Amino acid sequence: MYSLLQRAISFWALLGGVLVIAIVLVTAVNVGAFILDSILKNFGIFVSALPGYEDFVRLAISAAALSFFPYCQMKRGHVAVELFVQSFPQWLQQALDKLWLLLTMALAVFLAYWMWIGMLETRSDNTMTAVLGWAEWPWYLPGVVSMALWALISLAQAFGAKSHG
């Protein structure tokens, strides 16, 4: 079961990476349009930037950034200050680690809950992006999934699952 969770988290992080690449490509095209416009406007040729660029980037970054949280947790890559704890007995270190993992799981569930509430509110308000006219509520779903995966991996680690990667 843990192996399936690890694969799901890795896949989710890869999807986030694809979204980051899309953001970079769209940004490069937009910057290129600004550069071309500044060069060609002296010749009476105007190049417009991508309409809705800010809409897309704002929504995509919100989805992409959170997709890496579960992977970072799976690899135990989050910052841990262990200098003080190193002098504690092994059993206490393990108990504190379990406590922090359970608190991390609780935080992820808390964030998932409020993201879900925010998504429902955004949907009921029919909130749309200013330029592209896209509905904003679907962009909350990746965040909710990310928080759920983060909670699951934290819970699995709290009860002894070890990363194989």
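## A loop residue to start with

Let's begin at Arg 76, which sits in the loop between helix 3 (69-74) and helix 4. Keep in mind that this is a predicted model. The phi angle of Arg 76 is near 55°, a positive value in a residue other than glycine. Is Arg 76 buried or exposed? Neither label quite fits: with a relative accessible area of 41%, Arg 76 is partly exposed.

Asn 126 tells a similar story in another loop, the one between helix 4 and helix 5. Its phi is also near 55°, and here too the positive value belongs to a residue other than glycine. Asn 126 has 54% relative accessibility, and because exposed means over 50%, Asn 126 counts as exposed.

## Helix 1, end to end

Helix 1 takes in residues 2-40. Does its length agree or disagree with what you'd expect from 1.5 Å a residue? For 39 residues the span should be 57 Å, and the end C-alpha atoms are indeed 57 Å apart, so the two agree.

Which residues of helix 1 are buried? They are Tyr 2, Leu 5, Gln 6, Ile 9, Trp 12, Ala 13, Gly 16, Ile 23, Asn 30, Ala 33 and Asp 37. Look at the spacing in that list with one rule in mind: an α-helix has 3.6 residues a turn, so residues three or four places apart point the same way. As for what covers these buried residues of helix 1, helix 2 (53-66), helix 3 and helix 5 are included.

## Helix 2 and its neighbours

Helix 2 passes the same kind of ruler check: its 14 residues should span 20 Å at 1.5 Å a residue, and its end C-alpha atoms are 20 Å apart, which agrees. Buried in helix 2 are Tyr 53, Asp 55, Phe 56, Val 57, Leu 59, Ala 60, Ala 63, Ala 64 and Leu 66. What do they pack against? The answer is helix 1, helix 3, helix 4 and helix 5.

## Where helix 1 meets helix 2

The axes of helix 1 and helix 2 come within 9 Å and cross at roughly 160°. Angles over 145 degrees count as roughly antiparallel, so helix 1 is roughly antiparallel to helix 2. Their crossing is left-handed.

On the helix 1 side, the contact is made by Gly 16, Leu 19, Val 20, Ala 22, Ile 23, Val 26, Thr 27 and Asn 30. Helix 2 brings Tyr 53, Phe 56, Val 57, Ala 60, Ile 61, Ala 63 and Ala 64. Sort the residues of this contact between helix 1 and helix 2 by type and you get 12 nonpolar, 3 polar and no charged.

## Val 47, between helices 1 and 2

Val 47 lies in the loop between helix 1 and helix 2. At 24% relative accessibility, Val 47 counts as partly exposed. Leaving out residues up to four places away in sequence, Val 47 touches Ala 33, Leu 36, Asp 37 and Leu 40. Two of those partners, Ala 33 and Asp 37, also appear among the buried residues of helix 1.

How far is Val 47 from Phe 159? Along the chain they are 112 residues apart, and their C-alpha atoms are separated by 57 Å.

## Helix 5 and the company it keeps

Helix 1 also packs with helix 5, at an angle of about 145° and with the axes 11 Å apart. Helix 1 passes helix 5 in a left-handed crossing. From helix 1, the residues involved are Tyr 2, Leu 5, Ile 9 and Trp 12. They meet Pro 142, Val 145, Ser 146, Leu 149, Leu 152, Ile 153, Ala 156 and Gln 157 in helix 5. The residues of this contact of helix 1 with helix 5 come out as 10 nonpolar, 2 polar and no charged.

Helix 4 (residues 90-124) packs with helix 5 at an angle of about 160°, with their axes 8 Å apart. Helix 4 and helix 5 are therefore roughly antiparallel to each other. This crossing of helix 4 and helix 5 is left-handed, and the residues of their contact divide into 18 nonpolar, 4 polar and 1 charged.

## Ser 154, tucked into helix 5

Ser 154 belongs to helix 5 (residues 141-158). Buried means under 20% relative accessible area, so at 0% Ser 154 counts as buried. What does Ser 154 touch, not counting residues up to four places away in sequence? Its contacts are Gln 73, Leu 101, Thr 104 and Met 105.

Note on methods. Residues numbered from 1 in each chain as written. Predicted model: local features only at pLDDT ≥ 70, side-chain atom pairs only at ≥ 80, totals over all residues. Heavy atoms only, no water. Helix = DSSP H or I, 4+ residues; strand = E, 2+ residues; numbered from the N terminus. Buried < 20%, exposed > 50% of the residue type's maximum accessible area, 1.4 Å probe, protein only. Contact = heavy atoms within 4.5 Å. Axes fitted to C-alpha atoms, helices over the stretch in contact; angles between N-to-C directions. Left-handed = near helix turned anticlockwise from the far one by under 90°. Nonpolar A, V, L, I, M, F, W, Y, C, P; charged D, E, K, R; others polar. Parallel < 35°, antiparallel > 145°, perpendicular 65-115°, else oblique. Expected span 1.5 Å × (residues − 1).
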